[in-house]
Amino acid sequence: MSEDYYPPLSASQTGLAGKCPRCGRGALFEGYLGLKDHCPSCGLDYSTADSGDGPAVFVMFITGFVGVAVAFILRFGFDAPIVVAFGVSILLIALLTAAILRPMKGVLVALQYKNKAQEGRLE
């Protein structure tokens with residue numbers, strides 16, 4: 001077995017943990033959402049990783065659905081005032097966004113590595 005061999009890892013597990021998609025040990029993030037330049041453990045270059053707006057779109061769909069559902073349940077199920085329903089819903093959306101944006105970005109970067117995603121080229 002060569003020294004360069006890295007067994008295939010689950011993109012969802014490494015992405016959710018914020019670890020390197022190749023070795024599973026090194027940190028993927030520097031700060032909250034910024035990617036490191038390379039993996040401190042195996043040296044994988046992260047400069048080609050670009051998740052774009054993908055994580056934000058998924059997070060908006062998820063948190064928007066949950067926020068609207070909570071607002072409807074509070075307003076029509078518990079007869080809460082509209083200000084309370086919207087306030088709780090907006091707070092929940094903000095907390096959910098902060099909680100799942102980083103793991104979602106990690107998963108999408110890991111999927112890019114696993115599927116060898118590249119920029120499109122016309123030949």
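Is Ile90 buried or exposed, and what is its relative accessibility? The legends below take up this residue in the first view and then turn to other parts of the model, which is a predicted one.

**View 1. A nonpolar patch on the surface, with Ile90 as one of its members.** Ile90 belongs to helix α3, which covers residues 82-114. Its relative accessibility is 58%, and because exposed means over 50%, Ile90 counts as exposed. Together with Ile82, Val83 and Phe86, Ile90 makes a nonpolar surface patch of about 430 Å².

**View 2. The largest nonpolar core and the surroundings of Leu28.** Ten residues, written as 10 in the count, make up this core, and they are Cys20, Cys23, Leu28, Phe29, Leu35, Cys39, Cys42, Leu44, Tyr46 and Val109. When residues up to four places away in sequence are not counted, Leu28 touches Gly18, Lys19, Pro21, Gly34, Leu35, Lys36, Tyr46, Gly106 and Val109. Among these contacts of Leu28 are Leu35, Tyr46 and Val109, and these three residues are also listed in the core.

**View 3. Cys39, a core residue placed in a loop.** The loop that holds Cys39 runs between β2 (34-35) and α2 (54-77). Cys39 has a relative accessible area of 1%, and since buried means under 20%, Cys39 is buried. Leaving out residues up to four places away in sequence, the residues that Cys39 touches are Cys20, Cys23, Gly26, Leu44 and Tyr46. Lys19 stands 20 residues from Cys39 in sequence, and the C-alpha atoms of these two residues are 8.8 Å apart in space.

**View 4. Leu44, another core residue in the loop between β2 and α2.** With a relative accessible area of 12%, Leu44 is buried. Apart from its neighbours within four places in sequence, Leu44 is in contact with Cys20, Pro21, Arg22, Asp37, His38, Cys39 and Tyr113. Cys20, one of these contacts, lies 24 residues from Leu44 in sequence, and the distance between their C-alpha atoms is 7.9 Å.

**View 5. Ala11 in helix α1 and its contacts with residues far along the chain.** Helix α1 consists of residues 11-17, and Ala11 is found in it. The relative accessibility of Ala11 is 6%, and Ala11 therefore counts as buried. If residues up to four places away in sequence are not counted, Ala11 touches Val107, Ala110, Leu111 and Lys114. Ala11 and Tyr113 are 102 residues apart along the chain, yet their C-alpha atoms are separated by 8.4 Å.

**View 6. The aromatic pair of Phe72 and Phe76 in helix α2.** A search of the whole structure finds 1 aromatic pair. In this pair, the ring centres of Phe72 and Phe76 are 5.5 Å apart and the ring planes stand at 45°, which is why the pair is described as tilted. Both residues lie in helix α2, where they are 4 residues apart, a spacing of about one turn of the helix. Phe72 and Phe76 are each exposed.

**View 7. Val70, a partly exposed residue of helix α2.** Val70 lies in helix α2, and because its relative accessibility is 22%, Val70 counts as partly exposed. Setting aside residues up to four places away in sequence, Val70 touches Val88 and Leu92. Another residue, Leu91, is 21 residues from Val70 along the chain, and the C-alpha atoms of Val70 and Leu91 are separated by 11 Å.

**View 8. Asp79 and Lys116, two residues with a positive phi.** Asp79 is not a glycine, but its phi is positive, near 55°. The place of Asp79 is in the loop between α2 and α3, and at 63% relative accessibility Asp79 counts as exposed. Lys116 also has a positive phi, of about 55°, although Lys116 is not a glycine. Lys116 is found in the segment after α3, and with a relative accessibility of 66% Lys116 counts as exposed.

Definitions and conventions
Residues are numbered from 1 along each chain as its sequence is written. This is a predicted model: local features need pLDDT of at least 70, side-chain atom pairs count only at pLDDT 80 or more; totals for chains, interfaces and linings use all residues. Side-chain values use heavy atoms; hydrogens and water are left out. A nonpolar core is a set of buried Ala, Val, Leu, Ile, Met, Phe, Trp, Tyr and Cys residues joined through side-chain atoms within 4.5 Å. Buried means under 20% relative accessible area, exposed over 50%, partly exposed in between (1.4 Å probe, protein chains only). Contact means heavy atoms within 4.5 Å. Helices (H or I, at least four residues) and strands (E, at least two) are DSSP runs, numbered from the N terminus. Patches are made of residues with over 30% relative accessible area and no salt bridge: like charges are joined within 9 Å, nonpolar side chains (Val, Leu, Ile, Met, Phe, Trp, Tyr) within 5 Å. Accessible areas come from the Shrake-Rupley method with a 1.4 Å probe; for residues, only the protein chains shown count as cover. A salt bridge is a side-chain nitrogen of Lys or Arg within 4 Å of a carboxyl oxygen of Asp or Glu. Rings of Phe, Tyr and Trp (its six-membered ring) pair if their centres lie within 6.5 Å; planes under 30 degrees apart count as stacked, over 60 as edge-to-face and the rest as tilted.
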